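Hi everyone, thanks for making time. I'd like to walk you through one model today, so have a look at it on the screen while I talk.

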Amino acid sequence: MSGRPKAQLVLSDAEREQLMALTLRRKTAQALALRARIVLACAEGQDNNVVAERLRVTPQTVSKWRGRFVRDRLDGLLDAPRPGAPRTIADAQVDAVIAKTLESVPADGSHWSTRSMAREQGLSQTAVTRIWRAFGLQPHRQETFKLSSDPLFVEKVRDIVGLYLDPPLKAMVLCVDEKSQIQALDRTQPLLPLAPGIPERRTHDYVRHGTTTLFAALNIATGEVIGETHRRHRSVEFLKFLRTIEANVPADLDIHLVMDNYGTHKTPTIKAWFKRHPRFQVHFTPTSASWINQVERWFATLTQKYLRRGTHRSTRQLEQAIRDYLAVHNDNPKPFIWTKTADDILDSIKRFCMRISDSRH
């Protein structure tokens, strides 16, 4: 093998225990946790390039922290002193802010603010802001999640992702769903249009003029959408939409439908229709996993670009606006590019499950 010989890296039991603790503690800086992972991987006898690929860093980064640890042991993983004025906040104070943020809430609220934390710890608001920014803490933010409990989750993910990444020959893959309860909303007073230095203005209240449902089928290969609107959302309307799909897809192509387990998709009438039309093959998405159906992303674009700020004085006007949007979209369609393999998705979910299983909340 070419290149400079690497210094042997052997850990004592105490060092290994401390490095493992750095990777697991919730208040460890991510940079320090990464350095600890690099050293632990190198101690297993792995080559720098292998460690770099595994931890998604450069070989130079691995070489740097491997050498620093061999020379200075655990102290070598700490940042070197930087020039400038000496620090006025000790490491213990930083640890206290991080621990307080992660492990408690204020008596008068659900989460800490920079001001309330500053009062609690006797620091300035600016100091708390800098500490939070350095450690990526954002107590004011909250995200939601929903894990599928479908017992066939893995099989369904592999099936649908397989369709996206390797579509069958002589077949069309369509992502199908309904966007229900689209409201025809009008403002109680006329809009004030956009002007230089002044945004468009509208009243906060509105008048409802009924609802409609958009049935849509997204062709994953071209980005074109087959769509139609109905005032109701039953299996009767879904059957009409299936007939529309049948009429719009060339007779020599099989049709693979990706859709959810909504009740109107599985009535005896619908099942009997599919049985009479064998070129239709249904691929159900896992329960609580609408993110895997690409038409949901198209619905989000429709809402963001067209519906959210639209005003419609009747349901008929709303439906015509949706048909106009479909026509414009299909004049220049663009497919979504699916890049994640099934293994990538399952690995990501596995990592997330491990994170929440270790959570103290």
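I'll go through two helices, a few buried residues, some salt bridges and a couple of backbone oddities.

One thing up front: this is a predicted model.

Okay, let's start with helix 1, which runs over residues 13–24. How far apart are the end C-alpha atoms of helix 1, and does that agree or disagree with 1.5 Å a residue? They sit 17 Å apart, and the 12 residues should span 16 Å, so the two agree. Now, which residues of helix 1 are buried? Those are E15, L19, L22 and T23. If you look down the axis of helix 1, these buried residues fall within an arc of 95°, so they line one face. That fits the general picture: an α-helix has 3.6 residues a turn, so residues three or four places apart point the same way. Flip helix 1 over, and the face turned away from the buried side has D13, E17 and L24 exposed. And what covers the buried residues of helix 1? The cover includes helix 2, residues 30–43, and helix 4, residues 59–72.

That brings us to helix 4, where I want to stop at two residues. F69 is in helix 4, and it's buried, with a relative accessible area of 0%. Who does F69 touch, leaving aside its neighbours within four places in sequence? The contacts are L9, L11, E15, L19, V39, L74 and L77. You'll recognise E15 and L19 in there, which belong to the buried residues of helix 1. As for V39, that residue is 30 residues from F69 along the chain, yet the two C-alpha atoms are separated by 7.4 Å.

The other residue in helix 4 is R66. R66 is buried but has no salt bridge. Where is the nearest side chain of opposite charge? That's D47, and it's 7.0 Å away. A salt bridge needs a side-chain nitrogen of Lys or Arg within 4 Å of a carboxyl oxygen of Asp or Glu, so a pair at that distance doesn't count. What R66 does have is a polar contact of 3.1 Å with the side chain of N48.

Let's move on to charged pairs proper. In general, side chains of opposite charge can pair when their charged atoms come close. How many salt bridges are there in the whole structure? The search finds 11, and I'll show you three.

Begin with D72 and R71, whose closest N and O atoms are 3.1 Å apart. D72 counts as partly exposed at 34% relative accessibility, while R71 counts as exposed at 57%.

Next up are K100 and E120, with the closest N and O atoms 3.5 Å apart. This pair links distant parts of the chain: K100 is in helix 5, residues 91–103, E120 is in helix 6, residues 114–121, and the two are 20 residues apart. K100 is partly exposed at 27%, and E120 is partly exposed too, at 44%.

Then there's D150 with K156, at 2.8 Å from N to O. Are D150 and K156 buried or exposed? Both are buried. D150 comes in at a relative accessible area of 10%, and you'll find it in the loop between helix 7, residues 125–135, and helix 8, residues 153–165. The D150 side chain also reaches the backbone nitrogen of L152 at 2.8 Å. Besides K156, and setting aside its sequence neighbours within four places, D150 is in contact with T285, P286 and T287.

Now helix 12, residues 315–331. Helix 12 has 17 residues and reaches 25 Å from first C-alpha to last, close to the 24 Å expected. The buried residues here are T315, L318, E319, A321, I322, Y325, L326 and H329. Down the axis, they fall within an arc of 155°, so again they line one face. They pack against strand 1, strand 2, strand 3 and helix 11. Over on the other side of helix 12, R316, V328 and D331 are exposed.

Last bit: backbone oddities. R73 isn't a glycine but has a positive phi of about 60°. R73 sits in the loop between helix 4 and helix 5 and is partly exposed at 27%. Q181, also not a glycine, has a positive phi of about 55°. Q181 lies in strand 1 and is exposed, at 56%.

That's it from me, so over to you.

Definitions and conventions
Residues are numbered from 1 along each chain as its sequence is written. This is a predicted model: local features need pLDDT of at least 70, side-chain atom pairs count only at pLDDT 80 or more; totals for chains, interfaces and linings use all residues. Side-chain values use heavy atoms; hydrogens and water are left out. Helices (H or I, at least four residues) and strands (E, at least two) are DSSP runs, numbered from the N terminus. The expected span of a helix is 1.5 Å times one less than its number of residues. Buried means under 20% relative accessible area, exposed over 50%, partly exposed in between (1.4 Å probe, protein chains only). The arc is that of the directions from the helix axis to the C-beta atoms. Contact means heavy atoms within 4.5 Å. Lys and Arg count as positive and Asp and Glu as negative; His and the chain ends are not counted. A polar contact is a pair of N or O atoms within 3.5 Å; within protein, one must be able to donate a hydrogen and the other to accept it, and residues adjacent in sequence count only if both atoms are side-chain atoms.
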